Amino acid sequence: MRFKIYSLGCKVNIYEIESIASLLQEAGYILVKNSEVADVVIVNTCTVTATSDSKSKQLLRKVRRENQSAIIVAMGCFVQLNSEMVEKDLDVDIIIGTNKRNQIKELIDEYLVNKEVMNKVKDSKEYTEYEELKLHSLSTHTRGFVKIQDGCENFCTYCAIPYARGPIKSRDSKCVIEEIQNLVNSGVKEIILSGINTGTYGQDLGNITLAILLEKIISEVTGVYRLRLSSIELMEITNELLDVYEKYPTKIARHFHIPLQAGCDNTLKRMNRKYNTLEYEQVINNIRDRFEGIAVTTDCLAGFVGETESDFIDALAFIEKMNYSEMHIFPYSRRKGTIADNLEGHLSKDVISSRAKKMQKLAENMAKNYRSNYIGQQMLVLVEQNKNGKWIGHTSNYLEVAFTKDGDYTNKIIKVEITNTANSTLDAEYIEEVNNYDEF
Ligand code: SF4
């Protein structure tokens, strides 16, 4: 059987589709390019914004048009929340949402016998245990995402993910460690621990926390690698976790991505975020006191429902005070099925876009200031790729750095000296190749 895969959305989706690809390949299936003819096409969809919904629908239609006689498997968050519509309006054969993905081979076998559309989606609330999906290999050998958790119970008012992914569920630490060891053995040098709400790791298991998991990984996985957390909510940053960061300065990247979403208390409340700006500021100050130069990056929505001009001015002032090294800004987009959709005070597209642009400008200035601290400094870079003759990679504190040098430096750890910080990719001069992150 020949198969091909498509995935929309976040890194967790990419991890899941790559795991499914591994699973089918182990069962003897052959993965082919998207331009080739396949017997099975798997589409992993996304529902994070209204645009993701329409992209998911379009992709499912396009895949059917281009693969008239293939078995089409529709899965992922969009399918989970719209399975009846997918069954009725989109010409797909197997519908599996955000669960039963590890039974894909059996489901295809069942379809081959019955030749009837199968809709296996159930309410995500019913799935309380982590669904084990294993990643056997990676398309790149530099940075590898490892999923450690699924689900979210925060119910932010703008977000549909808790309905699509269900309750929090953590992966068995043994499986996490085994997978990381396999990736490190195959040459991966940075492991990014990810999930839907990564910081809640262990809460459903009872005898483990994210901090304990980090310690376990570091004591049990051997080889050259560094760990990075993809993102963590403010409420999940414990002293225990910071102690582990302090204990392993070279093993864990000096970087926290802590979503802010709104820099004003009124808006945070309407979003049902679980902190206010004062609490947020205290945690960030504590992190910066303990780890000099650590990168703090964030996500923020611009133009949320009911945000007044004065809320927005407060938000900009707060963001400036937080002095992020990088921000991802998302213009608020109305999304059906969320609580925010029914709130009063939706803003016009023009106001949302103008606020997003102002926030973006501030973000660029802060990033430039942060980068400028590193001029003349020596840093270690994990090289990911060569672009236009330059070797490009990231430092522990997530600065993107480029240098020129003859040879192949892919997946090597290189000591460089930063020479120019004007652009978002810093220029640097090669000093030497090192064997591991401890050599700094
Ligand atoms: S924390 Fe909030 S924004 Fe993030 S997935 Fe959960 S509900 Fe959505």
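Contact here means heavy atoms within 4.5 Å. With that cut-off in hand, we can walk through this predicted model.

Start with the whole chain. The protein holds 13 helices and 19 strands. Its radius of gyration is 22 Å, close to the 22 Å that the globule rule gives for 440 residues, so the protein is as compact as a globular protein of that length. The C-alpha trace spans about 65 × 55 × 45 Å along the principal axes. Of the 440 residues, 54% are buried. The accessible surface is about 19500 Å², and carbon and sulfur atoms account for 48% of that area.

Contacts reach far along the sequence. Take those between residues at least 6 apart: 72% of them join residues at least 24 apart. Charge can be summarised too. There are 54 positive and 62 negative side chains. The centres of these two sets lie 4 Å apart.

Now go to single residues, beginning with Glu179. This residue belongs to helix 7, which covers residues 173-185. Is Glu179 buried or exposed? Its relative accessible area is 2%. The cut-off for buried is under 20%. Glu179 is therefore buried. Beyond its neighbours within four places in sequence, Glu179 is in contact with Tyr15, Leu133, Lys134, Leu135, Val146, Lys147 and Arg171. With one of these, Tyr15, there is a side-chain polar contact of 2.6 Å.

Lys147 is on that list of contacts, and it deserves its own stop. Lys147 sits in strand 7, residues 143-147. Its relative accessibility is 1%, so Lys147 counts as buried. Which side chains make polar contacts with the side chain of Lys147? Glu16 is one, at 2.6 Å. Asp150 is another, at 2.9 Å. Leaving out residues up to four places away in sequence, Lys147 touches Val12, Tyr15, Glu16, Arg101, Tyr130, Arg165, Arg171, Glu179 and Ser194. Tyr15 and Arg171 appear here, and both are also in contact with Glu179.

Helix 1 comes next. It runs over residues 11-26 and contains Leu23. Leu23 has a relative accessible area of 22%, so it ranks as partly exposed. Setting aside residues up to four places away in sequence, Leu23 touches Asn102, Ile104 and Leu133. Leu133 is a contact of Glu179 as well. For a view across the model, look from Leu23 to Thr395. These two are 372 residues apart along the chain, and their C-alpha atoms are separated by 33 Å.

Turn to the loops. Glu233 lies in the one between strand 11 (226-229) and helix 9 (239-247). Its relative accessible area is 13%, so Glu233 is buried, loop position notwithstanding. Outside a window of four places in sequence, Glu233 touches Asn154, Asn197, Pro259 and Arg273. His257 is 24 residues from Glu233 in sequence, with a C-alpha to C-alpha distance of 8.3 Å.

Gln203 occupies another loop, between strand 10 (190-194) and helix 8 (210-220). Gln203 has 51% relative accessibility, so it counts as exposed. Which residues does Gln203 contact, neighbours within four places aside? They are Ile168, Ser170, Ile208 and Glu236. The Glu236 side chain makes a polar contact of 3.3 Å with the side chain of Gln203. Met271 is 68 residues from Gln203 in sequence and 23 Å from it in space, C-alpha to C-alpha.

End with the backbone. Most residues other than glycine have a negative phi. Asn323 has a positive phi of about 50 degrees, though it is not a glycine. Its place is the loop between helix 12 (309-322) and strand 14 (326-331). With a relative accessible area of 39%, Asn323 is partly exposed. Tyr398 also has a positive phi, near 60 degrees. Tyr398 is located in the loop between strand 16 (390-394) and strand 17 (400-403). At 22% relative accessible area, Tyr398 is partly exposed.

Key:
Residues are numbered from 1 along each chain as its sequence is written. This is a predicted model: local features need pLDDT of at least 70, side-chain atom pairs count only at pLDDT 80 or more; totals for chains, interfaces and linings use all residues. Side-chain values use heavy atoms; hydrogens and water are left out. Helices (H or I, at least four residues) and strands (E, at least two) are DSSP runs, numbered from the N terminus. The radius of gyration is taken over C-alpha atoms; the globule rule is 2.2 Å times the number of residues to the power 0.38. Buried means under 20% relative accessible area, exposed over 50%, partly exposed in between (1.4 Å probe, protein chains only). Accessible areas come from the Shrake-Rupley method with a 1.4 Å probe; for residues, only the protein chains shown count as cover. Lys and Arg count as positive and Asp and Glu as negative; His and the chain ends are not counted. The place of a charge is taken as NZ of Lys, CZ of Arg, CG of Asp or CD of Glu. A polar contact is a pair of N or O atoms within 3.5 Å; within protein, one must be able to donate a hydrogen and the other to accept it, and residues adjacent in sequence count only if both atoms are side-chain atoms.
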